[in-house]
Amino acid sequence: MRCGSIRSKLVQKINQTENIYVIFAATRPEQMKRLAGILVSLLPLFAAAQPGYHIDFNVSGLRDTTAYLGYFLQEKTYVKDTAEVDNTGAFSFVGGQPLPEGLYFLVINKSRLFDFVIGKDQQFSIATSLTDYNNLKVNGDEDNASFFENMRLIVDAGKEAEPFLTILRDSTQSDEHKQKARTTFDEINKRVMARQQAIIEKDPTAVTARLLKMNKPVQIPDPPVKPNGQIDSTFQLRYYREHYFDNFGLSDDALLRLPKVFYWEKVQDYLTRLYAQHPDTVTNAIHALVNVAKTNKDDKEKLQERLAKLSGGVAK
């Protein structure tokens with residue numbers, strides 16, 4: 001009997017989400033070994049295709065209480081899931097459907113302990129202690145590993161920069177001392193920005209990368225000179241309008257799940273500061289934004305409705 005026909009009789013159906021059904025037929029030992037090899041090779045595919053979310057926590061010093069998985073949505077907070085904490089500080093949030101990507105937080109005893117991100121990898125674990133939330137260990141999710149790395153980077157840089165900021169704020173300091181402080185402060189800031197850029201480039205699709213990227217300013221080039229020798233005085237405004245959302249995903253729902261309404265502020269700033277407040281002008285600006293975002297996930301009607309609402313009623 002050929003190997004192909006043996007496999008077709010032995011493996012009747014493989015469900016790629018949860019269950020594997022196999023009908024075993026009478027066969028020789030060497031054929032069973034071949035079948036076992038096939039199934040073992042498929043196991044990583046089944047693991048990668050797990051639906052929903054499964055997030056394990058272990059908070060040393062915590063015991064016998066209830067934990068809440070919270071999230072932000074347009075500056076409000078909501079509870080998505082609950083879990084019972086055992087006497088070792090272990091608990092898990094488990095659900096059959098994937099969570100929307102964005103920023104989430106852990107609540108214990110009505111206190112928000114720390115934030116973390118939910119991205120494309122939704123089976124991971126986080127371990128920490130009640131005495132030191134900065135010392136978190138993440139297993140199974142590079143997105144959160146980068147998120148907490150950036151948090152530690154900001155804290156450490158803030159401590160390093162504080163003495164120089166004190167000098168810059170002190171009106172009694174000499175210009176020479178302030179200049180030295182400014183130079184050192186700028187060097188610290190450049191190191192932080194370089195590390196954040198590295199995080200963005202490592203995986204631009206990760207939630208952490210998208211959150212970091214949205215705060216990056218648009219670099220506006222110098223205006224060109226026209227053939228008549230005059231500077232194009234409207235070039236920089238046109239360029240800024242065209243590239244204003246280069247670092248900000250208009251159709252990225254994860255940017256709605258933040259503790260501050262960055263999305264609303266960004267759109268408001270764009271529509272009110274860069275355009276005359278006339279209904280036709282603002283409406284045309286919204287249509288242009290929808291066309292820019294047409295390759296993203298949201299459909300055009302949903303995005304247009306969202307932007308018109310955020311325009312404060314100026315648009316038709």
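K266 lies over the face of Y244, 4.6 Å from the ring centre. A second placement of this kind involves R112, which lies over the face of F105 at 5.6 Å from the ring centre. Both descriptions come from a predicted model.

**Overall make-up**

The chain has 316 residues, and 34% of them count as buried. Its secondary structure consists of nine helices and ten strands. Among contacts with a separation of 6 or more, 56% are between residues 24 or more positions apart.

**The four-stranded sheet**

Four strands form an open sheet in the order 6-3-9-10, and their pairing is mixed. Strand 6 (90–95) and strand 10 (132–139) are the edge strands, each pairing on one side only. From one strand to the next, the twist averages 20°.

Strands in a sheet are held in pairs by backbone hydrogen bonds, and the pairing may be parallel or antiparallel. Strand 3 (residues 53–60) and strand 6 run antiparallel and are joined by six bridges. Where do these two strands meet, residue by residue? H54 has V94 of strand 6 as its bridge partner, and I55 stands opposite F93 in strand 6.

In a regular strand, side chains alternate between the two faces of the sheet. Strand 6 has one covered face, made up of F91, F93 and G95. Its uncovered face holds A90, S92 and V94. The partner of I55, F93, is thus on the covered face, whereas V94, the partner of H54, is on the uncovered one.

Helix 3 lies across strand 9 (123–129) and strand 10. Relative to strand 10, helix 3 runs at about 155°.

**Helix 4 and its surroundings**

Helix 4 covers residues 175–202, which is 28 residues. What end-to-end distance should a helix of 28 residues span at 1.5 Å a residue? The expected span is 40 Å, and the end C-alpha atoms are 40 Å apart, so the two agree.

The buried residues of helix 4 are A181, I188, V192, Q196, I199 and I200. Helix 3 (142–169) and helix 5 (207–213) are included in what covers them.

I188 is one of the residues in helix 4. Its relative accessible area is 4%, so I188 is buried. Leaving aside residues up to four places away in sequence, I188 touches A157, E160, A161 and F164. One of these, A161, is 27 residues from I188 in sequence, and the two C-alpha atoms are 7.0 Å apart in space.

On the side of helix 5, T208 gives a second example. T208 counts as buried because its relative accessibility is 3% and the limit for buried is under 20%. Not counting residues up to four places away in sequence, T208 touches V117, D143, S146, F147 and I199. I199 is also among the buried residues of helix 4.

**Aromatic residues**

The count of aromatic pairs comes to 19. Y71 and Y78 form one that is stacked, with 5.4 Å from centre to centre and 25° between the planes. Are the two members of this pair buried or partly exposed? Y71 is buried, with a relative accessible area of 16%, while Y78 counts as partly exposed at 35%.

One aromatic cluster is formed by F57, F91, F93, F114, F116, F147 and F148. Two of its members, F91 and F93, lie on the covered face of strand 6. Another member, F147, is touched by T208.

**Helix 9**

E305 is found in helix 9 (residues 300–310). With a relative accessibility of 60%, E305 counts as exposed. E305 and V290 are 15 residues apart along the chain, and their C-alpha atoms are separated by 9.9 Å.

**Accessibility of selected residues**

The residues whose accessibility is described above are set out here.

| Residue | Relative accessibility | State |
|---|---|---|
| T208 | 3% | buried |
| I188 | 4% | buried |
| Y71 | 16% | buried |
| Y78 | 35% | partly exposed |
| E305 | 60% | exposed |

Methods
Residues numbered from 1 in each chain as written. Predicted model: local features only at pLDDT ≥ 70, side-chain atom pairs only at ≥ 80, totals over all residues. Heavy atoms only, no water. Expected span 1.5 Å × (residues − 1). Buried < 20%, exposed > 50% of the residue type's maximum accessible area, 1.4 Å probe, protein only. Contact = heavy atoms within 4.5 Å. Pairing = 2+ DSSP bridges. Axes fitted to C-alpha atoms, helices over the stretch in contact; angles between N-to-C directions. Phe/Tyr/Trp six-rings, centres within 6.5 Å; stacked < 30°, edge-to-face > 60°. Lys NZ or Arg CZ within 6 Å of the ring centre and 35° of its normal.
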